[in-house]
Amino acid sequence: MLDIRNLQVSVDGKAILKGIDLQVKAGEVHAIMGPNGSGKSTLVQLLAGREGYAARADAVLYQGAELLGMAAEERARQGIFLAFQYPVEIPGVANVYFLKAACNAIRRHRNLPELDAIDFLALIRSRLKLLGMDESLLYRPVNAGFSGGEKKRNEILQMAVLEPTLALLDESDSGLDIDALKVVAGGINALRSPQRAIVLVTHYQRLLDYVVPDRVHVLADGRIARSGDRQLAIELERTGYADTPAGHPAPPASRA
Amino acid sequence: MNTPQASSASYYAAAYQRLSPLLPGGGLGWLTQARRAALARFARHGFPTQRDEDWKYTSLAAIAAARYDLWPAACVDPLAGVVSQRALAGAHLLVFVNGRLHPGLSRPGDLPPGVRLNSLAYCLEEQPASVDPLLLLGAAAAAFADLNLAFMADGAYLHLAADCHLAAPIQLLFIASQANLAIQQRNVLWAAAGSSACIIEQHVALGEGSYLTNALSNVVLEAGASIEHYLLQQESPAASHIATIDVRQQANSSYSSASFAFGAHLARTGITVALQGEAARCSLDGLYLTAGRQHVDHHTCIDHRQAGGTSRQLYKGVLSGASRAVFNGRVVVHPDAQRSDAEQSNRNLLLSDKAEIDTKPQLEIWADDVKCSHAATVAQLDEEQVFYLRSRGIEQAKARTMLSRAFAREMIDRVACSPLQEALDEALREKLRVMSC
Ligand SMILES: Nc1ncnc2c1ncn2[C@@H]1O[C@H](COP(=O)(O)OP(=O)(O)OP(=O)(O)O)[C@@H](O)[C@H]1O
Ligand SMILES: [Mg+2]
């Protein structure tokens with residue numbers, strides 16, 4: 001599904017990612033952990049099509065097609081979804097209007113008929129229920145004045161409506177109370193399927209108790225320093241990143 | 001060879017000689033005298049140039065060089081379609097075609113006692129005693145006001161008797177259909193003590209011809225009166241639109257205007273409000289959207305002459321292409337106008353780096369106990385917001401349109417009249433469609 005080979009990214013001449021290799025297969029869930037500033041958000045934002053990076057790679061393939069150079073909206077239409085670490089507030093645009101525009105843009109691409117207001121409302125209500133969200137959030141401007149937790153849930157709501165093939169979730173668990181965490185995890189698990197892949201960026205093992213990953217990677221100083229199975233996350237929770245060999249290539253095998 | 005200025009003076013003088021027998025109110029000595037005096041002033045001063053501080057950013061060269069027809073030909077275009085498309089549900093409708101009332105298309109409906117709504121030409125001819133000379137002559141002597149006075153032939157005349165409240169809005173629909181015509185339109189809106197009304201003045205065009213609308217409105221609010229005045233400018237893309245609104249307010253009166261400038265190649269709206277009585281209140285809103293090489297200028301002047309007056313101004317603009325907008329907001333607080341409260345804000349969104357805005361507040365404060373604030377901002381679309389929308393599959397042009405619309409919508413949300421709100425929203429969508437190409 002996703003095949004990244006030797007990805008190097010810099011911003012304003014500053015190297016941020018220094019040679020990332022990552023392969024994610026359909027049906028898999030990968031977790032990416034790592035210290036603050038190590039480049040996790042840069043990686044997923046780049047994959048979602050953010051501009052302004054200088055990126056070089058041997059290949060960044062999504063479903064066999066080269067991603068670099070593809071417009072953000074095109075990636076979204078082909079099934080890539082990024083849940084933002086910091087969801088953007090858009091005053092003046094109603095959440096429901098935004099969601100409908102997004103949903104129909106993607107449906108058009110999939111040659112599905114556009115949903116009218118009534119069908120869309122039925123769809124969104126079922127998703128709201130799944131996520132325990134109040135309908136009033138639909139009629140407020142996108143993320144404007146939302147609490148931190150509401151913003152994160154709103155990202156998961158969008159994901160549930162857009163049904164991506166590759167979901168990139170950047171700290172969707174940060175700032176959530178324990179009930180909200182379960183709800184968000186439920187939303188992610190509901191999306192899991194053999195045709196889809198999920199990449200979770202997280203700082204906490206907690207989320208991984210609910211959404212069990214197939215692989216765990218540690219990003220440090222722009223490189224994948226370690227990879228392993230879920231045991232690696234449990235170990236990191238205990239030891240921190242202190243003995244992660246920053247700046248060196250990942251050891252070939254996991255330590256589990 | 002004459003200078004353009006001199007030749008335009010002689011052009012208008014000759015036109016006046018020819019047309020004066022046709023102008024309404026020919027039997028009124030004071031009016032004929034005033035028309036001649038205005039023409040003489042115009043001959044002396046001509047059109048302002050960019051050396052004139054008030055016209056620094058707005059060139060009138062094209063208008064000065066033009067030789068407009070000053071009398072409309074009979075309109076043979078079918079108009080019923082435009083009228084039914086534009087007529088607002090429930091409004092008292094007067095339709096003017098090329099500056100003249102079109103009785104067949106107008107639907108004034110039932111007006112409550114105390115409301116006189118008529119064509120100005122009719123008033124001048126048939127009820128001259130009802131027209132107060134001071135009203136027509138009061139506006140500041142300036143080139144466009146002078147030309148308007150010299151040639152004005154029609155417009156709306158509204159008089160509200162004391163304590164008369166008109167529930168439904170009055171819609172004045174001005175349709176221009178004749179290329180190269182100069183429409184010299186004059187409105188009188190006169191609200192006696194304690195009366196209230198909502199007036200929608202809308203300018204639309206048939207076709208895309210080049211013509212000039214030179215509109216002047218005299219607005220008078222006696223004590224405690226209240227007027228909502230909406231200006232909806234949707235002239236042809238080649239037209240020039242010059243609007244002058246002269247407002248005089250007595251104590252405790254309230255005037256709110258909202259100007260929506262979508263059309264015309266060159267547009268200038270000048271609003272002068274004199275708060276002549278205590279505790280008068282005015283609120284001026286504006287929204288301008290410009291594309292291509294459009295030039296849209298708003299000049300406001302609020303004169304706080306008595307104590308306790310309040311003024312509010314909020315103007316927003318969205319500029320694309322190589323268009324240009326001007327906002328100049330002047331607030332004068334006289335020494336007697338203690339406890340005046342004035343706020344002014346002008347916010348602009350530039351969608352293109354070739355678009356240009358000149359925004360300037362101008363506060364002249366001669367009293368000490370006053371609250372005055374002003375703010376002007378010029379911003380571009382937030383790229384974080386654009387990326388967020390794109391990351392959800394919304395294409396870039398659509399994302400930019402959504403964000404521009406969100407910025408502009410605020411001005412439409414503030415409109416109290418709901419059928420107008422819908423018409424404005426439709427006009428906004430249409431304009432943003434043009435701007436995104
Ligand atoms: N646009 C930018 N301009 C300059 N520096 C940037 C930019 N974007 C990212 N960086 C830098 O790149 C580094 C990696 O940032 P990134 O946001 O990817 O880290 P992260 O791993 O997601 O951290 P966190 O765990 O705190 O979210 C940081 O040092 C950051 O300051
Ligand atoms: Mg991050």
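Helices are DSSP runs of H or I with at least four residues and strands are runs of E with at least two, both numbered from the N terminus. By that assignment, helix 1 of chain A gives the most to the shell around ligand 1, with 3 residues. The structure is a predicted model, in which local features need pLDDT of at least 70 and side-chain atom pairs count only at pLDDT 80 or more, whereas totals for chains, interfaces and linings use all residues. Residues are numbered from 1 along each chain as its sequence is written, chains are lettered from A and ligands numbered from 1 in the order in which they are written, and side-chain values use heavy atoms, with hydrogens and water left out.

The surroundings of ligand 1 comprise 14 residues, of which A:Gly37, A:Lys40, A:Ser41, A:Thr42 and A:His203 come nearest; a residue is near a molecule if one of its heavy atoms lies within 4 Å of it. By class, this shell holds 3 nonpolar, 8 polar and 3 charged residues, where Ala, Val, Leu, Ile, Met, Phe, Trp, Tyr, Cys and Pro count as nonpolar, Asp, Glu, Lys and Arg as charged, and the others, Gly among them, as polar.

Three side chains place an N or O atom within the 3.5 Å limit that defines a polar contact between such atoms. The distance to an oxygen atom of ligand 1 is 2.8 Å for A:Ser41, 3.0 Å for A:Gln85 and 2.9 Å for A:His203. The protein covers 63% of the 640 Å² of accessible area that ligand 1 has on its own, as computed by the Shrake-Rupley method with a 1.4 Å probe. Strand 2 (14–24) and helix 1 (40–48) of chain A are the elements that give two or more residues to the shell.

Two of these residues also serve the magnesium ion, ligand 2: its protein donors are A:Ser41 (OG) and A:Gln85 (OE1), at 2.0 to 2.1 Å. Donors are N, O and S atoms within 2.8 Å of the metal (3.2 Å for Na, K and Ca), and sites may look incomplete because water is not among the atoms. Since A:Ser41 lies in helix 1 and A:Gln85 in the loop between strand 7 (80–83) and strand 8 (90–94) of chain A, the pair ties together parts that are 44 residues apart in sequence. A:Ser41 is partly exposed, with a relative accessible area of 22%, while A:Gln85 is buried at 15%; buried means under 20%, exposed over 50%, and partly exposed in between.

In chain B, 10 strands form an open sheet of mixed pairing in the order 2-1-5-7-9-11-13-15-17-19, two strands being paired if DSSP finds at least two bridges between them.

Notes:
A polar contact is a pair of N or O atoms within 3.5 Å; within protein, one must be able to donate a hydrogen and the other to accept it, and residues adjacent in sequence count only if both atoms are side-chain atoms. Buried means under 20% relative accessible area, exposed over 50%, partly exposed in between (1.4 Å probe, protein chains only).
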